[in-house]
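Work through the exercises below with the structure open beside you. Try each task before reading its solution.

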Amino acid sequence: MYSSSGDSNGYHQDSKQQLRMSQRDRVRRARAKSRDGYGEEQKVTPCTEFDKAYFNSYAHVGIHEEMIKDHVRTNTYRDAIFHHQSLIEGKVVVDVGCGTGILSIFCAQAGAKRVYAVDASDIAVQANEVVKANNLSDKIIVLHGRVEDVEIDEEVDVIISEWMGYMLLYESMLGSVITARDRWLKHGGLILPSNATLYMAPVTHPDRYRESIEFWRNVYGIDMSAMLPLAKQCAFEEPSVETISRENVLTWPHVFKHVDCYTITIDELESVTTTYKFRSMMRAPFHGFAFWFDVEFGGPAASLINLRAPALPTASSNNSPMDGSQRKKRTNPNEALVLSTAPEDPPTHWQQTLIYFYDPIDVEQDQLIEGSATLTQSKENRRFMNINLRYSSGGRSFVKESVMR
């Protein structure tokens, strides 16, 4: 991939030899510091048994295979890297949660001077072998450890990470990106993705309810309706990750949370709350709420870019959003590449997250649905997320609480 002759990186042959020696020294120092920690003066988030179990789950090849085979995800990241090649070429990059190292390799292909590929999972061992197999050991340094623990002895120009979980914030990996930003990113540096938006909307899904619940009313001619309470609890107690279509969505989506990766703090992620007002666009059973997200790959000034306008659903003008916070537009659609997990967009491995009610609510067209929603990191395990939904419609009020584990 890279010729041994010439000076494509500004080094002649003898200088390249010195560079390789410097690189080996850098690897030794970085890896030694990743083992030793970085001093008592730093506040280090303790690595709990839950964290260790989380990291261990990413040592399995299956989860990486699923993510890499998600062509929407992987191609968008690759496109974003080369879209910003002028900001990556000749620069120092940190890949937070590098997994198999594919994003690090994309950055090296885009001309990065050096890439620190950091992962606390044992998949880092395989990532290092992948780097060697592609003759990129002179550019990519794989660090096996947490971002909170490893040490990099220089500032970086770029941070890239695929940190998004279900409902955007599940697994709390964004905190590691924030830590990397605060520790190493140069002023004016680039973060990919630059911002993210979590959406929510009421949904109707009679097929899902019929398959999981109504089935028990007549089983081979036998009345098994006594199973209904247990069936509802088993089917709908916890959030469900599945794919829905735009036809399932009853209203315009509401912006639950906007994340500016340049400015957000770890404390902000502990609890996120929104209030909402929807008007149903149709008469239908209201089965619950769907959540999805998108991320943008803007430049260093991405914090000034407004959010993408959700295209879902199509409706007449009298069903416009109830307030401006529900739809925010980018000033120029060409300003940033977007990775979307919305129901109307090509499917991804994130799908959508559904929180179903135990019993549906019949709503009329234009009927008001209002309430609040709160996502809170579990105190027991910050990788888990507690969800509190309060909703009112047709003069009745309800509360649904669940945990995403």
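The exercises cover two helices, two sheets and two single residues of a predicted model.

**Exercise 1. Two packed helices**

Task: Describe how helix 4 and helix 6 pack, and state which residues meet.

Solution:
- Step 1. Two packed helices are described by the angle between their axes and the distance between the axes.
- Step 2. Helix 4 covers residues 71-83 and helix 6 covers residues 102-109; the angle is about 30° and the axes are 9 Å apart.
- Step 3. Angles under 35 degrees count as roughly parallel. Helix 4 and helix 6 are therefore roughly parallel to each other.
- Step 4. The crossing of helix 4 past helix 6 is right-handed.
- Step 5. On the side of helix 4, the residues in contact are Thr-74, Tyr-77, Arg-78, Ile-81 and Phe-82; helix 6 contributes Ile-102, Leu-103, Phe-106, Cys-107 and Gln-109.
- Step 6. Sorted by class, this contact of helix 4 with helix 6 has seven nonpolar, two polar and one charged residues.

**Exercise 2. A sheet with parallel pairing**

Task: Find the strand order of the five-stranded open sheet, then its edges and the helices on it.

Solution:
- Step 1. The order is 3-2-1-4-5, and the pairing is parallel.
- Step 2. Strand 3 (140-144) and strand 5 (185-192) each have a single partner strand, so they stand at the edges, and one side of each has no neighbour in the sheet.
- Step 3. From one strand to the next, the twist averages 20°.
- Step 4. Take one pair as an example: strand 4 (residues 156-161) runs parallel to strand 5, joined by four bridges. Ile-160 has Leu-192 in strand 5 as its bridge partner.
- Step 5. Helix 6 lies across strand 1 (92-96), strand 2 (114-119), strand 3 and strand 4, and runs at about 175° to strand 2.
- Step 6. Helix 8 (residues 174-184) also packs on the sheet. Helix 8 touches strand 1, strand 4 and strand 5, and its direction makes about 155° with that of strand 5.

**Exercise 3. A sheet with antiparallel pairing**

Task: Give the strand order and the edge strands of the four-stranded open sheet.

Solution:
- Step 1. The order is 9-13-14-15, with antiparallel pairing.
- Step 2. Strand 9 (271-279) and strand 15 (396-404) are the edge strands, since each pairs on one side only.
- Step 3. On average, neighbouring strands of this sheet are turned by 15° against each other, direction ignored.
- Step 4. Strand 13 (residues 368-377) and strand 14 (residues 385-393) run antiparallel and are joined by nine bridges. Within strand 14, Ser-392 is the bridge partner of Glu-370.

**Exercise 4. Two loop residues**

Task: Decide whether Pro-346 is buried or exposed, do likewise for His-205, and list their contacts.

Solution:
- Step 1. Pro-346 is in the loop between strand 11 (337-340) and strand 12 (352-363).
- Step 2. Exposed means over 50% relative accessible area. Pro-346 has 51%, so Pro-346 is exposed.
- Step 3. Setting aside residues up to four places away in sequence, Pro-346 touches Val-72 and Ser-340. From Pro-346 to His-71 the C-alpha distance is 9.8 Å, although they are 275 residues apart in sequence.
- Step 4. His-205 is in the loop between strand 6 (195-203) and helix 9 (206-212).
- Step 5. Buried means under 20%. His-205 has 13% relative accessibility, so His-205 counts as buried.
- Step 6. Beyond its neighbours within four places in sequence, His-205 is in contact with Glu-242, Ile-244, Asn-248, His-287 and Tyr-356.

Conventions
Residues numbered from 1 in each chain as written. Predicted model: local features only at pLDDT ≥ 70, side-chain atom pairs only at ≥ 80, totals over all residues. Heavy atoms only, no water. Axes fitted to C-alpha atoms, helices over the stretch in contact; angles between N-to-C directions. Parallel < 35°, antiparallel > 145°, perpendicular 65-115°, else oblique. Left-handed = near helix turned anticlockwise from the far one by under 90°. Contact = heavy atoms within 4.5 Å. Nonpolar A, V, L, I, M, F, W, Y, C, P; charged D, E, K, R; others polar. Pairing = 2+ DSSP bridges. Buried < 20%, exposed > 50% of the residue type's maximum accessible area, 1.4 Å probe, protein only.
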